[in-house]
Amino acid sequence: MHNTDITGTVHFKATIQNYLEQKAQPDELFASSYAKENKNIEECVTYLLNFVQKSGINGFTADDI
């Protein structure tokens, strides 16, 4: 297995960020966590891609992740 850097496309990152922003609007608890200074889209996307890669599964629902 190759040790490669996992990154998302600009469109993928924008889609994830839009989803998170929509989720934060009605959910004050999530919104306060989402707004923390140490949170950023790069680390979020890396987390998601690593989660999928480690699982060996090719498809998920939003609730699975």
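Modeller: A residue counts as buried under 20% relative accessible area, as exposed over 50% and as partly exposed in between (1.4 Å probe, protein chains only). The model is predicted, with local features needing pLDDT of at least 70 and side-chain atom pairs pLDDT 80 or more, while totals for chains, interfaces and linings use all residues. Residues are numbered from 1 along each chain as its sequence is written, and side-chain values use heavy atoms, without hydrogens and water.

Colleague: Is K13, which pairs with E42 in a salt bridge, buried or exposed?

Modeller: The side chains of K13 and E42 meet at 2.9 Å, N to O, in the 1 salt bridge found in the whole structure (Lys or Arg side-chain nitrogen within 4 Å of an Asp or Glu carboxyl oxygen). Because E42 lies in helix α3 (residues 41-55) and K13 in helix α1 (residues 10-24), the pair ties together parts 29 residues apart in sequence; helices are DSSP runs of H or I, at least four residues, numbered from the N terminus. E42 is partly exposed at 42%, whereas K13, with a relative accessible area of 17%, is buried.

Colleague: Within what arc do the buried residues of α1 fall?

Modeller: In α1, the residues K13, I16, L20 and A24 are buried. Seen down the axis, they line one face of the helix, since the arc within which they fall is 75°.

Colleague: Which element gives the largest share of the largest nonpolar core?

Modeller: This core, a set of buried Ala, Val, Leu, Ile, Met, Phe, Trp, Tyr and Cys residues joined through side-chain atoms within 4.5 Å, has 5 residues: I16, L20, I41, V45 and L48. Two or more residues come from each of α1 and α3. The largest share, 3 residues, comes from α3.

Methods:
Arc of directions from axis to C-beta.
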